[in-house]
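Visitor: I would like to learn how to read a structure like this one, feature by feature. Could you walk me through it?

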Amino acid sequence: MPCRDGRTTPLTASVSEVRASRLLSVLLLLQSHGRLTAAQLAERLSVSPRTIYRDVESLHAAGIPLYGEAGHAGGYQLVDGWRTRLTGLTADEADRLFLAGLPGPADELGDGDVVAALQRKLHAALPEPLRDRATQLSQRFHLDTPGWYADGDASPELARTAEAVWRQQRVEVRYRGWRGEVTRVLEPYGLVLKGGRWYVVATRPGRAEPATYRVNQILALTPLAEEFDRPADFDLPAWWREHVVRFRARLHRDEATVRLSPAGRERLREIGSDPVVSAVDASAGPPDARGWVTAVLPIESLTHAHGDLLRLGADVEVLTPVALRERLAATAAGLAALYAPGGPPALHAPDGPSTR
(Lines give C-alpha, C1' and ligand atoms only; values in the text may rest on other atoms or scores of the structure.)
Protein backbone atom coordinates (compact mmCIF):
# COMPACT_ATOMS: atom_id res chain seq x y z
CA MET A 1 0.00 0.00 0.00
CA PRO A 2 1.51 3.37 -0.93
CA CYS A 3 2.17 5.95 1.76
CA ARG A 4 0.81 9.47 1.56
CA ASP A 5 4.02 10.72 -0.02
CA GLY A 6 3.82 8.10 -2.77
CA ARG A 7 6.57 5.83 -1.46
CA THR A 8 5.90 2.14 -1.04
CA THR A 9 6.63 0.57 2.32
CA PRO A 10 5.93 -3.16 1.98
CA LEU A 11 5.43 -5.04 5.20
CA THR A 12 7.74 -7.81 4.05
CA ALA A 13 10.69 -7.60 1.72
CA SER A 14 11.07 -9.93 -1.24
CA VAL A 15 13.56 -12.78 -1.10
CA SER A 16 16.03 -10.93 -3.35
CA GLU A 17 15.85 -7.80 -1.17
CA VAL A 18 16.48 -9.83 1.97
CA ARG A 19 19.51 -11.55 0.40
CA ALA A 20 20.93 -8.28 -0.93
CA SER A 21 20.60 -6.71 2.49
CA ARG A 22 22.31 -9.71 4.11
CA LEU A 23 25.21 -9.63 1.63
CA LEU A 24 25.76 -5.98 2.44
CA SER A 25 25.56 -6.80 6.15
CA VAL A 26 28.26 -9.48 5.75
CA LEU A 27 30.46 -6.97 3.98
CA LEU A 28 29.95 -4.26 6.60
CA LEU A 29 30.49 -6.66 9.50
CA LEU A 30 33.83 -7.75 8.04
CA GLN A 31 34.74 -4.14 7.35
CA SER A 32 34.00 -3.22 10.96
CA HIS A 33 35.45 -6.25 12.78
CA GLY A 34 38.35 -7.23 10.53
CA ARG A 35 37.93 -11.00 10.72
CA LEU A 36 34.93 -13.17 11.59
CA THR A 37 34.22 -16.86 11.25
CA ALA A 38 31.21 -18.22 9.40
CA ALA A 39 29.69 -19.19 12.75
CA GLN A 40 30.13 -15.66 14.12
CA LEU A 41 28.59 -14.11 11.01
CA ALA A 42 25.74 -16.60 11.11
CA GLU A 43 25.01 -15.77 14.75
CA ARG A 44 24.97 -12.02 14.11
CA LEU A 45 22.67 -12.34 11.10
CA SER A 46 20.44 -15.13 12.48
CA VAL A 47 21.13 -17.53 9.61
CA SER A 48 22.95 -20.84 9.26
CA PRO A 49 26.71 -21.12 8.52
CA ARG A 50 25.78 -22.81 5.23
CA THR A 51 23.95 -19.63 4.22
CA ILE A 52 27.10 -17.61 5.04
CA TYR A 53 29.18 -19.92 2.81
CA ARG A 54 26.82 -19.21 -0.10
CA ASP A 55 26.90 -15.47 0.62
CA VAL A 56 30.71 -15.44 0.62
CA GLU A 57 30.71 -17.19 -2.78
CA SER A 58 28.34 -14.51 -4.10
CA LEU A 59 30.61 -11.74 -2.81
CA HIS A 60 33.57 -13.42 -4.49
CA ALA A 61 31.64 -13.59 -7.74
CA ALA A 62 30.86 -9.87 -7.44
CA GLY A 63 34.60 -9.08 -7.25
CA ILE A 64 34.81 -8.28 -3.54
CA PRO A 65 38.42 -8.90 -2.34
CA LEU A 66 37.46 -11.32 0.39
CA TYR A 67 39.43 -14.35 1.52
CA GLY A 68 39.14 -17.02 4.17
CA GLU A 69 41.63 -18.84 6.37
CA ALA A 70 41.11 -22.22 8.00
CA GLY A 71 42.12 -23.19 11.50
CA HIS A 72 41.41 -22.06 15.05
CA ALA A 73 42.34 -18.42 14.35
CA GLY A 74 40.86 -18.43 10.88
CA GLY A 75 37.84 -16.75 9.40
CA TYR A 76 36.83 -14.42 6.61
CA GLN A 77 38.59 -11.11 6.04
CA LEU A 78 38.70 -8.32 3.50
CA VAL A 79 41.99 -7.51 1.79
CA ASP A 80 43.90 -4.95 3.86
CA GLY A 81 43.10 -1.39 2.87
CA TRP A 82 39.93 -2.25 0.98
CA ARG A 83 36.84 -0.37 2.13
CA THR A 84 33.50 0.48 0.68
CA ARG A 85 31.71 3.76 1.16
CA LEU A 86 28.45 2.05 0.34
CA THR A 87 26.14 1.96 3.35
CA GLY A 88 22.98 1.29 1.39
CA LEU A 89 20.43 2.72 3.81
CA THR A 90 16.98 1.60 2.76
CA ALA A 91 13.88 3.74 3.19
CA ASP A 92 12.77 1.61 6.15
CA GLU A 93 16.17 1.99 7.81
CA ALA A 94 16.21 5.75 7.29
CA ASP A 95 12.71 5.96 8.75
CA ARG A 96 13.93 4.21 11.90
CA LEU A 97 17.04 6.26 12.62
CA PHE A 98 15.36 7.51 15.80
CA LEU A 99 15.38 3.92 17.12
CA ALA A 100 19.09 3.33 16.45
CA GLY A 101 19.97 3.39 20.16
CA LEU A 102 16.82 1.64 21.38
CA PRO A 103 17.01 -2.05 20.45
CA GLY A 104 14.41 -3.03 23.06
CA PRO A 105 11.63 -0.72 21.85
CA ALA A 106 12.62 -1.52 18.25
CA ASP A 107 11.99 -5.23 18.95
CA GLU A 108 8.60 -4.41 20.50
CA LEU A 109 7.65 -2.47 17.37
CA GLY A 110 8.72 -5.39 15.18
CA ASP A 111 11.68 -3.43 13.77
CA GLY A 112 14.53 -5.22 15.54
CA ASP A 113 16.11 -6.64 12.38
CA VAL A 114 15.84 -3.33 10.53
CA VAL A 115 17.46 -1.40 13.38
CA ALA A 116 20.23 -4.01 13.76
CA ALA A 117 21.07 -3.61 10.05
CA LEU A 118 20.94 0.17 10.44
CA GLN A 119 23.36 0.07 13.37
CA ARG A 120 25.82 -2.04 11.36
CA LYS A 121 25.71 0.38 8.44
CA LEU A 122 26.11 3.47 10.59
CA HIS A 123 28.98 1.83 12.45
CA ALA A 124 30.74 0.83 9.23
CA ALA A 125 30.36 4.34 7.76
CA LEU A 126 32.33 5.93 10.62
CA PRO A 127 36.06 6.61 10.26
CA GLU A 128 38.13 4.11 12.23
CA PRO A 129 38.87 6.35 15.28
CA LEU A 130 35.18 7.25 15.64
CA ARG A 131 34.16 3.64 15.03
CA ASP A 132 36.41 2.49 17.88
CA ARG A 133 34.98 5.21 20.12
CA ALA A 134 31.40 4.21 19.26
CA THR A 135 32.21 0.58 20.12
CA GLN A 136 33.67 1.60 23.47
CA LEU A 137 30.65 3.77 24.26
CA SER A 138 28.24 0.93 23.48
CA GLN A 139 30.09 -1.19 26.05
CA ARG A 140 29.92 1.53 28.71
CA PHE A 141 26.40 2.92 28.37
CA HIS A 142 23.24 0.86 28.05
CA LEU A 143 19.62 2.05 28.00
CA ASP A 144 17.07 -0.39 29.42
CA THR A 145 13.63 1.22 29.23
CA PRO A 146 11.32 -1.24 31.11
CA GLY A 147 10.99 -1.06 34.89
CA TRP A 148 12.45 -3.59 37.28
CA TYR A 149 9.23 -5.56 37.68
CA ALA A 150 8.23 -5.85 34.03
CA ASP A 151 9.91 -7.08 30.86
CA GLY A 152 8.31 -4.44 28.69
CA ASP A 153 4.94 -3.40 27.43
CA ALA A 154 4.66 -5.23 24.15
CA SER A 155 1.17 -5.69 22.75
CA PRO A 156 -0.11 -7.83 19.90
CA GLU A 157 -1.49 -4.63 18.39
CA LEU A 158 1.62 -2.44 18.84
CA ALA A 159 3.02 -2.99 15.34
CA ARG A 160 -0.35 -2.38 13.67
CA THR A 161 -0.86 0.73 15.79
CA ALA A 162 2.54 2.01 14.63
CA GLU A 163 1.62 1.26 11.01
CA ALA A 164 -1.64 3.19 11.38
CA VAL A 165 0.29 6.15 12.83
CA TRP A 166 2.66 6.08 9.88
CA ARG A 167 -0.04 5.76 7.25
CA GLN A 168 -2.39 8.26 8.92
CA GLN A 169 -5.08 5.62 8.85
CA ARG A 170 -8.17 5.52 11.01
CA VAL A 171 -8.60 2.43 13.16
CA GLU A 172 -11.43 0.92 15.13
CA VAL A 173 -10.29 -0.42 18.49
CA ARG A 174 -11.87 -2.42 21.27
CA TYR A 175 -10.29 -0.87 24.33
CA ARG A 176 -10.24 -1.88 28.00
CA GLY A 177 -10.59 1.34 29.97
CA TRP A 178 -11.03 1.79 33.70
CA ARG A 179 -14.80 1.87 33.20
CA GLY A 180 -14.86 -1.32 31.15
CA GLU A 181 -14.56 -2.25 27.49
CA VAL A 182 -15.45 0.32 24.85
CA THR A 183 -15.25 0.52 21.06
CA ARG A 184 -13.74 3.63 19.52
CA VAL A 185 -12.76 4.95 16.11
CA LEU A 186 -9.39 6.69 16.50
CA GLU A 187 -7.10 8.87 14.42
CA PRO A 188 -3.64 8.01 15.81
CA TYR A 189 -1.19 10.93 15.79
CA GLY A 190 1.82 9.27 17.41
CA LEU A 191 3.31 6.71 19.78
CA VAL A 192 5.09 7.51 23.04
CA LEU A 193 7.21 5.19 25.19
CA LYS A 194 6.98 6.33 28.83
CA GLY A 195 8.55 4.33 31.65
CA GLY A 196 8.58 1.15 29.54
CA ARG A 197 4.91 1.57 28.56
CA TRP A 198 3.60 2.41 25.11
CA TYR A 199 0.87 5.01 24.65
CA VAL A 200 -0.83 6.09 21.45
CA VAL A 201 -1.85 9.74 21.22
CA ALA A 202 -5.03 9.85 19.18
CA THR A 203 -8.17 11.86 18.62
CA ARG A 204 -11.68 10.73 17.83
CA PRO A 205 -13.32 11.98 14.62
CA GLY A 206 -15.07 15.26 15.32
CA ARG A 207 -13.05 15.98 18.46
CA ALA A 208 -10.17 18.44 18.43
CA GLU A 209 -8.21 17.52 21.56
CA PRO A 210 -6.16 14.30 21.46
CA ALA A 211 -6.13 11.81 24.31
CA THR A 212 -3.78 9.02 25.37
CA TYR A 213 -4.53 5.30 25.19
CA ARG A 214 -2.40 2.53 26.69
CA VAL A 215 -1.49 0.29 23.75
CA ASN A 216 -1.51 -2.97 25.69
CA GLN A 217 -5.12 -2.23 26.69
CA ILE A 218 -6.15 -2.39 23.02
CA LEU A 219 -7.89 -5.76 22.83
CA ALA A 220 -8.56 -5.67 19.08
CA LEU A 221 -7.66 -3.28 16.27
CA THR A 222 -9.21 -3.06 12.82
CA PRO A 223 -7.62 -0.75 10.22
CA LEU A 224 -10.25 1.23 8.32
CA ALA A 225 -10.08 2.23 4.68
CA GLU A 226 -10.23 5.91 5.64
CA GLU A 227 -7.17 8.12 5.95
CA PHE A 228 -7.17 11.29 8.05
CA ASP A 229 -5.35 14.59 7.89
CA ARG A 230 -2.90 14.93 10.75
CA PRO A 231 -2.65 18.62 11.78
CA ALA A 232 0.50 20.05 10.24
CA ASP A 233 1.27 22.00 13.40
CA PHE A 234 0.85 19.08 15.81
CA ASP A 235 4.13 18.70 17.75
CA LEU A 236 4.11 15.32 19.50
CA PRO A 237 7.03 15.96 21.95
CA ALA A 238 5.62 19.39 22.93
CA TRP A 239 2.09 18.02 23.34
CA TRP A 240 3.36 15.16 25.51
CA ARG A 241 5.34 17.51 27.78
CA GLU A 242 2.22 19.60 28.35
CA HIS A 243 0.16 16.44 28.91
CA VAL A 244 2.56 15.26 31.63
CA VAL A 245 2.34 18.66 33.36
CA ARG A 246 -1.47 18.57 33.25
CA PHE A 247 -1.53 14.98 34.47
CA ARG A 248 0.67 15.77 37.47
CA ALA A 249 -1.44 18.82 38.31
CA ARG A 250 -4.59 16.64 38.37
CA LEU A 251 -2.90 13.80 40.20
CA HIS A 252 -2.90 15.25 43.72
CA ARG A 253 -6.27 16.87 44.43
CA ASP A 254 -6.34 16.40 48.20
CA GLU A 255 -3.91 16.27 51.10
CA ALA A 256 -3.28 14.35 54.29
CA THR A 257 -1.61 15.37 57.53
CA VAL A 258 0.70 12.63 58.79
CA ARG A 259 3.36 11.87 61.36
CA LEU A 260 6.50 10.21 60.02
CA SER A 261 9.29 8.42 61.85
CA PRO A 262 12.87 9.02 60.63
CA ALA A 263 12.79 5.62 58.93
CA GLY A 264 9.40 6.36 57.38
CA ARG A 265 10.63 9.65 55.98
CA GLU A 266 13.64 7.97 54.40
CA ARG A 267 11.45 5.21 52.98
CA LEU A 268 9.11 7.84 51.54
CA ARG A 269 12.05 9.28 49.59
CA GLU A 270 12.48 5.89 47.91
CA ILE A 271 8.85 5.15 47.05
CA GLY A 272 7.21 8.59 46.87
CA SER A 273 6.93 10.83 43.83
CA ASP A 274 8.93 14.04 43.62
CA PRO A 275 5.89 16.28 44.42
CA VAL A 276 5.09 14.21 47.53
CA VAL A 277 8.67 14.25 48.82
CA SER A 278 8.98 17.99 48.13
CA ALA A 279 5.71 18.70 49.95
CA VAL A 280 6.83 16.76 53.01
CA ASP A 281 10.19 18.56 53.07
CA ALA A 282 8.47 21.95 52.79
CA SER A 283 5.80 21.31 55.45
CA ALA A 284 7.63 19.16 58.01
CA GLY A 285 7.70 20.66 61.47
CA PRO A 286 10.45 20.22 64.06
CA PRO A 287 11.06 16.60 65.13
CA ASP A 288 9.78 15.43 68.51
CA ALA A 289 11.81 13.58 71.12
CA ARG A 290 11.63 10.36 69.03
CA GLY A 291 12.52 12.13 65.78
CA TRP A 292 8.99 11.99 64.35
CA VAL A 293 7.80 14.97 62.27
CA THR A 294 4.33 16.17 61.32
CA ALA A 295 3.91 17.07 57.64
CA VAL A 296 1.28 17.58 54.95
CA LEU A 297 1.49 15.48 51.78
CA PRO A 298 -0.65 15.59 48.62
CA ILE A 299 -2.81 12.56 47.82
CA GLU A 300 -4.69 11.50 44.70
CA SER A 301 -7.57 9.75 46.46
CA LEU A 302 -8.32 7.82 49.65
CA THR A 303 -7.85 4.53 47.81
CA HIS A 304 -4.45 5.46 46.36
CA ALA A 305 -3.26 7.02 49.62
CA HIS A 306 -4.36 3.92 51.57
CA GLY A 307 -2.29 1.65 49.34
CA ASP A 308 0.74 3.96 49.27
CA LEU A 309 0.88 4.62 53.01
CA LEU A 310 0.50 0.95 53.86
CA ARG A 311 3.96 0.53 52.34
CA LEU A 312 5.35 2.61 55.22
CA GLY A 313 3.90 0.23 57.83
CA ALA A 314 4.16 1.45 61.42
CA ASP A 315 6.46 4.34 60.43
CA VAL A 316 3.56 6.61 59.49
CA GLU A 317 0.47 7.78 61.37
CA VAL A 318 -2.35 9.55 59.52
CA LEU A 319 -3.95 12.39 61.48
CA THR A 320 -6.34 13.66 58.80
CA PRO A 321 -8.49 13.02 56.89
CA VAL A 322 -10.35 10.87 59.38
CA ALA A 323 -11.69 8.56 56.67
CA LEU A 324 -8.14 7.65 55.60
CA ARG A 325 -7.09 7.11 59.22
CA GLU A 326 -10.06 4.79 59.77
CA ARG A 327 -9.26 2.78 56.63
CA LEU A 328 -5.68 2.24 57.75
CA ALA A 329 -6.83 1.37 61.27
CA ALA A 330 -9.25 -1.24 59.90
CA THR A 331 -6.52 -2.75 57.73
CA ALA A 332 -4.12 -2.84 60.68
CA ALA A 333 -6.75 -4.54 62.84
CA GLY A 334 -7.38 -7.10 60.12
CA LEU A 335 -3.66 -7.85 59.80
CA ALA A 336 -3.31 -8.15 63.58
CA ALA A 337 -6.13 -10.69 63.68
CA LEU A 338 -4.72 -12.59 60.72
CA TYR A 339 -1.28 -12.89 62.28
CA ALA A 340 -2.38 -13.38 65.90
CA PRO A 341 -0.89 -16.41 67.72
CA GLY A 342 -2.64 -19.51 66.46
CA GLY A 343 -3.38 -17.94 63.10
CA PRO A 344 -6.75 -17.55 61.42
CA PRO A 345 -9.40 -20.28 61.69
CA ALA A 346 -9.08 -23.05 59.10
CA LEU A 347 -11.39 -22.59 56.14
CA HIS A 348 -11.41 -26.28 55.24
CA ALA A 349 -11.03 -29.50 57.18
CA PRO A 350 -7.52 -30.93 56.84
CA ASP A 351 -7.00 -33.81 54.45
CA GLY A 352 -6.49 -37.33 55.76
CA PRO A 353 -8.13 -39.39 58.48
CA SER A 354 -9.45 -37.61 61.51
CA THR A 355 -8.11 -38.32 64.96
CA ARG A 356 -9.99 -38.61 68.25
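Guide: Gladly. Let's start with one residue in a sheet: E172 stands opposite T222 in strand 8. Keep in mind that this is a predicted model.

Visitor: Which residue is the bridge partner of E172 in strand 5?

Guide: That partner is V185. With T222 of strand 8 on one hand and V185 of strand 5 on the other, E172 has a named partner in each of these two strands.

Visitor: How do strand 4 and strand 8 run, and how many bridges join them?

Guide: A pairing is read from its bridges and its direction. Strand 4 (residues 169–177) and strand 8 (residues 218–227) run antiparallel, joined by six bridges. Strand 4 is also antiparallel to strand 5 (residues 180–194), and there seven bridges join the two.

Visitor: How many residues lie between strand 4 and strand 5?

Guide: Two residues lie between them, and the two strands form a hairpin.

Visitor: Let's turn to the interior. Which residues touch the most other members of the largest nonpolar core?

Guide: For a core, look at who touches whom. This one has 19 residues, and V26, L30, L41, I52, L66 and Y76 touch the most other members. Two or more residues come from each of helix 1 (15–33), helix 2 (38–45), helix 3 (49–61) and strand 3 (75–78). Helix 1 gives the most, with seven residues.

Visitor: What does L41 touch, leaving out residues up to four places away in sequence?

Guide: L41 touches V26, L29, L30, L36, I52 and Y76. Apart from this core lies another, of 17 residues, with V258, A295, L297 and A305 among them.

Visitor: And the surface: is Y339 buried or exposed?

Guide: Relative accessible area decides this. Y339 has a value of 65%, so it counts as exposed, the cut-off being over 50%. Y339 sits in the segment after helix 13 (322–338). Together with L335 and L338, Y339 forms a nonpolar surface patch with about 340 Å² of accessible area.

Visitor: What about the chain as a whole? How many helices and strands does it have?

Guide: There are 13 helices and 11 strands. Of the 356 residues, 33% are buried. The chain exposes about 22300 Å², and carbon and sulfur atoms supply 55% of that area.

Visitor: Among contacts between residues at least 6 apart in sequence, what share joins residues at least 24 apart?

Guide: The share is 59%.

Methods: Residues numbered from 1 in each chain as written. Predicted model: local features only at pLDDT ≥ 70, side-chain atom pairs only at ≥ 80, totals over all residues. Heavy atoms only, no water. Core = buried A, V, L, I, M, F, W, Y, C linked by side-chain atoms within 4.5 Å. Buried < 20%, exposed > 50% of the residue type's maximum accessible area, 1.4 Å probe, protein only. Helix = DSSP H or I, 4+ residues; strand = E, 2+ residues; numbered from the N terminus. Contact = heavy atoms within 4.5 Å. Pairing = 2+ DSSP bridges. Patch = residues over 30% accessible without salt bridge, like charges linked within 9 Å, V, L, I, M, F, W, Y side chains within 5 Å. Areas by Shrake-Rupley, 256 points an atom, 1.4 Å probe, with all protein chains shown as cover. Salt bridge = Lys/Arg side-chain N within 4 Å of Asp/Glu carboxyl O.
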